[in-house]
Amino acid sequence: FSASDVTVLFVLGGPGAGKGTQCERLVAEYGFTHLSAGDLLRAEQARPDSQYGDLIKEYIRDGKIVPMEVTIALLENAMRASMSTNPDAIHTDTNPNTPATTTTQTPQNKKSKFLIDGFPRKYDQALKFESAVCEAKFVLFYDCPEAEMERRLLERGKTSGREDDNADSIRKRFRTFVDTSMPVVEYYEKQDRVVKIDATPPPEEVYRRTQAELVKRLGE
Ligand code: UP5
Ligand code: MG
């Protein structure tokens, strides 16, 4: 994809920082297509004939990063599906767990805008995606203290059914985030491509701050 045809924003932040919550609002108001790498991996894992099901399940439970070939292929497919105006190409997946993004159609004459949520989580993923798929315009980084993220995830874990919303997996996810994913944010910070937003306040306030930054950066 060429950056002149599509706008890609990476949405990063620790586990439970509120990436998904903010993306949902941005979709509703600004017509972004939201692609959560974690959601795409969970949908792939749930697909009965997926060759990666067991691998994804194990990686997610251990808070480890799934090999990027899998994740990038899922993201690229989802971008293509969303950009296609051919309904047959869009509704190929009848899995109810598949994120709603595949139903968002963008006319080809209009620039598609993607929020890539929870990706890249590793330096080499960032380089590969930007060289092979599309350059990102900038990174929205939701910054939240670990104690608050832990509180949110344990609370959500009571009902989410997510296999990684338990104390043991949460600890591992935090470690991976600090050791492996924060260096990606730092890499983009050095290039002055990070918009950092304090994700501690309630969702409405975080969203207001996000809007203010988007107005500055995209003229939205
Ligand atoms: N909540 C949200 N905002 C709040 C606020 N401002 N105040 C109070 N509460 C707030 O929110 C989490 C919870 O907090 C919700 O209950 C929400 O209501 C509340 P959410 O918006 O879901 O936060 P988010 O940052 O999206 O948290 P998530 O758990 O999705 O983050 P992760 O980054 O851990 O999960 P993800 O799905 O991206 O990845 C899961 C796993 O997949 C990874 O650990 C990894 O194993 C694998 N993965 C890869 O291998 N590669 C990838 O590229 C991506 C994922
Ligand atoms: Mg999420």
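**Exercise 1. The start of the chain**

Task: Place alanine 3 in this predicted model, and decide whether it is buried or exposed.

Solution.
- Step 1. Locate it. Alanine 3 sits in the segment before β1.
- Step 2. Count neighbours. There are 12 other C-beta atoms within 10 Å of alanine 3. A residue with 12 or fewer is exposed. Alanine 3 is therefore exposed.
- Step 3. Look for contacts beyond four places in sequence. Alanine 3 touches Cys134 and Glu135.
- Step 4. Compare sequence with space. Alanine 3 and lysine 137 are separated by 134 residues in sequence, yet their C-alpha atoms lie 8.0 Å apart.

**Exercise 2. The inventory**

Task: How many helices and strands does the protein chain have, and in what order do the elements run?

Solution.
- Step 1. Count. The protein chain has nine helices and five strands.
- Step 2. Read from the N terminus. The order is β-α-β-α-α-α-α-β-α-β-α-α-β-α.
- Step 3. Check the burial. Of the 220 residues in the protein chain, 35% are buried.
- Step 4. Check the contact range. Take contacts between residues at least 6 apart in sequence: 77% of them join residues at least 24 apart.

**Exercise 3. The sheet**

Task: Give the strand order of the sheet, and say which strands stand at the edges.

Solution.
- Step 1. Write the order. Five strands form an open sheet, β2-β3-β1-β4-β5, with parallel pairing.
- Step 2. Find the edges. β2 (33-36) and β5 have a single partner strand each, so one side of each has no neighbour in the sheet.
- Step 3. Add the twist. From one strand to the next, it averages 20 degrees.
- Step 4. Recall what holds such pairs. Strands of a sheet pair through backbone hydrogen bonds.

**Exercise 4. Strand β1 and its partners**

Task: Which strands pair with β1, and over how many bridges?

Solution.
- Step 1. Take β3. β1 and β3 run parallel and share six bridges. One pair is phenylalanine 10 with isoleucine 116 of β3.
- Step 2. Take β4. Five bridges join β1 to β4, again in the parallel sense. Here valine 11 stands opposite leucine 140.
- Step 3. Ask about burial. Seven of the eight residues of β1 are buried, so the strand is largely enclosed by the rest of the structure.
- Step 4. Add the helix. α1 lies across β1 (6-13), β2, β3 (112-117) and β4. Its angle to β3 is about 170 degrees.

**Exercise 5. The edge strand β5**

Task: Follow the chain through β5, from the loop that precedes it to aspartate 198.

Solution.
- Step 1. Start in the loop. Aspartate 192 lies between α8 (167-190) and β5. Its phi is positive, about 60 degrees, although it is not a glycine.
- Step 2. Set this against the rule. Most residues other than glycine have a negative phi.
- Step 3. Check exposure. Aspartate 192 has 7 other C-beta atoms within 10 Å, so it is exposed.
- Step 4. Enter the strand. Five bridges join β4 (residues 138-143) to β5, and the two run parallel. Tyrosine 142 has isoleucine 197 as its bridge partner in β5.
- Step 5. Reach aspartate 198. This residue belongs to β5 (residues 194-198). It counts as exposed because it has 12 C-beta neighbours inside 10 Å.

**Exercise 6. The core and a cis bond**

Task: Which residues touch the most other members of the largest nonpolar core?

Solution.
- Step 1. Name them. The core has 46 residues, and Leu75, Leu115 and Ile116 touch the most other members.
- Step 2. Expand one. Beyond four places in sequence, leucine 75 is in contact with Leu35, Ala37, Leu40, Ile116 and Phe119.
- Step 3. Follow Phe119. A cis peptide bond, with omega about 0 degrees, joins phenylalanine 119 to proline 120. Proline 120 is in the loop between β3 and α6 (123-132).
- Step 4. Set this against the rule. Most peptide bonds are trans.

**Exercise 7. Around the ligand**

Task: What surrounds ligand 1?

Solution.
- Step 1. Count the shell. It holds 30 residues, the closest being Pro15, Gly18, Thr21, Gly38 and Gly118.
- Step 2. Trace the elements. Those giving two or more residues are α1 (19-30), α2 (37-46), α3 (53-61), α7 (146-157) and α9 (203-218).
- Step 3. Sort by class. The shell around ligand 1 has 13 nonpolar, ten polar and seven charged residues.

Technical notes. Residues are numbered from 1 along each chain as its sequence is written. Chains are lettered from A and ligands numbered from 1 in the order in which they are written. This is a predicted model: local features need pLDDT of at least 70, side-chain atom pairs count only at pLDDT 80 or more; totals for chains, interfaces and linings use all residues. Helices (H or I, at least four residues) and strands (E, at least two) are DSSP runs, numbered from the N terminus. A residue is buried if 20 or more other C-beta atoms lie within 10 Å of its own, exposed if 12 or fewer, and partly exposed in between; C-beta atoms are placed from the backbone. A residue is near a molecule or strand if its C-beta atom, placed from the backbone, lies within 6 Å of it. Ala, Val, Leu, Ile, Met, Phe, Trp, Tyr, Cys and Pro count as nonpolar, Asp, Glu, Lys and Arg as charged, and the others, Gly among them, as polar. Two strands pair if DSSP finds at least two bridges between them. Axes are lines fitted to C-alpha atoms, for helices over the stretch in contact, and angles run from 0 to 180 degrees between N-to-C directions. Two residues are in contact if their C-beta atoms, placed from the backbone, lie within 7 Å. A nonpolar core is a set of buried Ala, Val, Leu, Ile, Met, Phe, Trp, Tyr and Cys residues joined through C-beta atoms within 7 Å.
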